[in-house]
Structure formats: C-alpha cells, structure tokens
Amino acid sequence: MVDVAAADDETAFAFHAALAALWATTGVERTTRYPGQSGVRLRCYFDLRQPLAGPGRTAGP
C-alpha cells in the first residue's frame, strides 16, 4: 500500500502513473481532501513482486 500526499490532484495522479508504469497496481479514480488540511491524499496498492512486462522486460516472480 502506498499513501501519497500531494499539493494537488494532478501531482498525485502523475506520481501514481510513474509508479504504475513499473509495477502492477490498482487503479485510482479520485483523491481525498481533509477539511482544514492543504493538499490531497491518494491511496493505492502495488504488487512489487509483479513488475509489468514491457519492451525488453519480462514479467516474472
């Protein structure tokens, strides 16, 4: 599980996209805002044992 704290939605989603390009991850659709706190929060789950297969890479255990 990864909890992301970011200044805005765009930054939180960009961070998620960068990690999701490397590892199997859950999708994210929205961020959370807490009253009285600046910024946004995003929670997603990664399977670090399952890298994505891509050009020049193979998925494996």
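Here are a few worked exercises on the predicted model shown above.

**Exercise 1. Get your bearings**

Work out which helices and strands the chain has, and in what order they come.

*Solution.*
- Step 1: Count the elements. You should find 1 helix and 4 strands.
- Step 2: Walk along the sequence and write them down as you go. The pattern reads β-α-β-β-β.
- Step 3: Put residue numbers on the pieces we'll use. Strand β1 covers residues 2-6, helix α1 covers residues 9-20, β2 is 23-25, and β3 is 40-44.
- Step 4: Get a feel for the surface. The chain has 61 residues, and buried ones make up 16% of them. Its accessible surface comes to about 4600 Å², with 56% of that belonging to carbon and sulfur atoms.

**Exercise 2. Pair up β1 and β3**

Find the sense in which β1 and β3 pair, and name the bridge partner of Val4.

*Solution.*
- Step 1: Compare the strand directions. β1 and β3 pair in the antiparallel sense, over 5 bridges.
- Step 2: Look across from Val4. Its bridge partner in β3 is Leu42.
- Step 3: Try Ala5, another β1 residue. Its C-alpha atom is 6.6 Å from that of Leu42, although 37 residues separate the two along the chain. Setting aside neighbours within four places in sequence, Ala5 is in contact with Val40 and Arg41.
- Step 4: Check how Ala5 is covered. Ala5 counts as exposed because its relative accessibility is 53%, and the cut-off for exposed is over 50%.
- Step 5: Zoom out to the whole chain. Of the contacts between residues at least 6 apart in sequence, 52% join residues at least 24 apart.

**Exercise 3. Find the core**

List the residues of the largest nonpolar core and say which strands each supply at least two of them.

*Solution.*
- Step 1: Collect the members. The core has 5 residues: Val4, Ala6, Ala12, Val40 and Leu42.
- Step 2: Sort them by element. β1 and β3 each supply at least two.
- Step 3: Look at the two faces of β3. Val40, Leu42 and Cys44 sit on the covered face, while Arg41 and Arg43 are on the uncovered one.
- Step 4: Follow Ala12. Beyond its sequence neighbours within four places, Ala12 is in contact with Val4, Ala6, Thr31, Val40 and Leu42.

**Exercise 4. Two buried residues with polar contacts**

Decide whether Thr31 and His16 are buried or exposed, then find a side-chain polar partner for each.

*Solution.*
- Step 1: Recall the cut-off: buried means under 20% relative accessible area.
- Step 2: Apply it to Thr31, in the loop between β2 and β3. Thr31 is at 13%, so it counts as buried.
- Step 3: Find the partner of Thr31. Its side chain makes a polar contact of 2.5 Å with that of Asp9. The wider contacts of Thr31, outside four places in sequence, include Phe13, Val40 and Leu42.
- Step 4: Do the same for His16, in helix α1. His16 is at 10% relative accessibility, so it also counts as buried.
- Step 5: Find the partner of His16. Its side chain joins that of Thr25 through a polar contact of 3.3 Å. Among the other contacts of His16 outside four places in sequence are Val28, Leu42, Cys44 and Phe46.

**Exercise 5. Track down the salt bridges**

Locate the 2 salt bridges in the structure and say which parts of the chain they link.

*Solution.*
- Step 1: Know what to hunt for. Side chains of opposite charge can pair when their charged atoms come close.
- Step 2: Take Arg43 and Asp3, whose side chains meet at 2.7 Å, N to O. Arg43 is in strand β3 and Asp3 in strand β1, 40 residues apart, so this pair links distant parts of the chain. Arg43 is partly exposed at 47% relative accessible area, and Asp3 is partly exposed with 47% relative accessibility.
- Step 3: Take Asp9 and Arg33, which meet at 3.5 Å, N to O. This pair links distant parts too: Asp9 belongs to helix α1 and Arg33 to the loop between β2 and β3, 24 residues apart.
- Step 4: Check exposure at both ends. Asp9 is partly exposed, at 28%, whereas Arg33 counts as exposed, at 54%.
- Step 5: Tie it back to Exercise 4. The Asp9 side chain that meets Arg33 in a salt bridge also has the polar contact with Thr31.

Note on methods: Residues numbered from 1 in each chain as written. Predicted model: local features only at pLDDT ≥ 70, side-chain atom pairs only at ≥ 80, totals over all residues. Heavy atoms only, no water. Buried < 20%, exposed > 50% of the residue type's maximum accessible area, 1.4 Å probe, protein only. Contact = heavy atoms within 4.5 Å. Areas by Shrake-Rupley, 256 points an atom, 1.4 Å probe, with all protein chains shown as cover. Core = buried A, V, L, I, M, F, W, Y, C linked by side-chain atoms within 4.5 Å. Polar contact = N/O pair within 3.5 Å; in protein donor to acceptor, adjacent residues only side chain to side chain. Salt bridge = Lys/Arg side-chain N within 4 Å of Asp/Glu carboxyl O. Pairing = 2+ DSSP bridges.
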